[in-house]
Amino acid sequence: MPESDYMLYPIGFLQSSLKELQEAPRQGREGAPHAWIEVNASVAEGLEGLAVGHEIIVNTWLHKAQRDILKVHPRDDKTLPLSGVFATRSPDRPNPLGLHR
């Protein structure tokens, strides 16, 4: 495989009551509903040692993101100047990876 090719395999899926991108708040603290991770059984033993109250970092693939957008108005506020997506929290980006604490 050439150096420029990377493969990602999901080890689980995030579940929530949100089904459409437009339903999601801009930030979790702005009224997001509860969500949970369903981990594939094939990797479940990797969770051994985690307990309630432990902090973890979860990487997600923002599958509904547009990958061809490079500039956005922050928070979709047209009164704000366009900014590069990497300077914002826009889910639209060439590699739509999410990082969640």
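This note sets out numbered points on a predicted model of a protein chain.

1. Secondary structure. The protein chain has six strands and zero helices. Read from the N terminus, the order of elements is β-β-β-β-β-β. The points below place individual residues relative to these strands.

2. Overall dimensions. The radius of gyration of the protein chain is 16 Å, whereas a compact globule of 101 residues would have a value near 13 Å. Along the principal axes, the C-alpha atoms of the protein chain fill a box of roughly 50 × 40 × 25 Å.

3. Burial and surface. In the protein chain, 12% of the 101 residues count as buried. The accessible surface of the chain is about 8,800 Å², and carbon and sulfur atoms account for 57% of that surface.

4. Contact range. Consider the contacts in the protein chain between residues at least 6 apart in sequence: 52% of these join residues at least 24 apart.

5. Charge distribution. The protein chain carries 11 positive and 13 negative charges, and the mean positions of the two sets are 9 Å apart.

6. The salt bridge. How many salt bridges does the structure hold? The structure holds one. The partners are Arg-101 and Glu-55, whose side chains meet with an N to O distance of 2.8 Å. Arg-101 lies in the segment after strand E6 (97-100) and Glu-55 in the loop between strand E2 (35-39) and strand E3 (58-61), so the pair ties together parts that are 46 residues apart in sequence. In general, side chains of opposite charge can pair when their charged atoms come close.

7. Setting of the salt bridge. Are the two partners buried or exposed? Arg-101 is exposed, with a relative accessible area of 73%. Glu-55 is exposed as well, with a relative accessible area of 59%. Both values are over the 50% cut-off for the exposed class.

8. Positive phi at Arg-75. The phi angle of Arg-75 is near 60°, a positive value in a residue other than glycine. Most residues other than glycine have a negative phi. Arg-75 belongs to the loop between strand E4 (71-72) and strand E5 (83-84). With a relative accessibility of 48%, Arg-75 counts as partly exposed.

9. Positive phi at Asp-76. Asp-76, also a residue other than glycine, has a positive phi near 60°. Where does Asp-76 lie? The residue is in the loop between E4 and E5. Its relative accessible area is 49%, and Asp-76 is therefore partly exposed. A reviewer inspecting backbone geometry may take Arg-75 and Asp-76 together.

10. Surroundings of Ile-69. Ile-69 is located in the loop between E3 and E4. Its relative accessibility is 21%, so Ile-69 counts as partly exposed; the buried class requires a value under 20%. Which residues does Ile-69 touch, leaving aside those up to four places away in sequence? The contacts are with Val-85, Asp-92, Arg-93 and Pro-94. Gly-49 lies 20 residues from Ile-69 along the chain, and the C-alpha atoms of these two residues are separated by 40 Å.

11. The segment before E1. Ser-4 sits in the segment before strand E1 (12-16). This residue is exposed, at 61% relative accessibility. From C-alpha to C-alpha, Ser-4 and Gly-31 are 39 Å apart in space, with their positions 27 residues apart in sequence numbering.

12. Leu-21 in the loop between E1 and E2. Leu-21 has its place in the loop between E1 and E2. At 43% relative accessibility, Leu-21 is counted as partly exposed. Leu-21 and Ala-65 are 44 residues apart along the chain, yet their C-alpha atoms are separated by 8.7 Å.

13. Arg-29 in the loop between E1 and E2. Arg-29 is likewise placed in the loop between E1 and E2. The residue is exposed, with a relative accessible area of 73%. Arg-29 and Lys-19 are 10 residues apart in sequence, and their C-alpha atoms are 18 Å apart in space.

Definitions and conventions: Residues numbered from 1 in each chain as written. Predicted model: local features only at pLDDT ≥ 70, side-chain atom pairs only at ≥ 80, totals over all residues. Heavy atoms only, no water. Helix = DSSP H or I, 4+ residues; strand = E, 2+ residues; numbered from the N terminus. Rg over C-alpha atoms; globule rule 2.2 N^0.38 Å. Buried < 20%, exposed > 50% of the residue type's maximum accessible area, 1.4 Å probe, protein only. Contact = heavy atoms within 4.5 Å. Areas by Shrake-Rupley, 256 points an atom, 1.4 Å probe, with all protein chains shown as cover. Lys, Arg positive; Asp, Glu negative; His and termini not counted. Charge placed at Lys NZ, Arg CZ, Asp CG, Glu CD. Salt bridge = Lys/Arg side-chain N within 4 Å of Asp/Glu carboxyl O.
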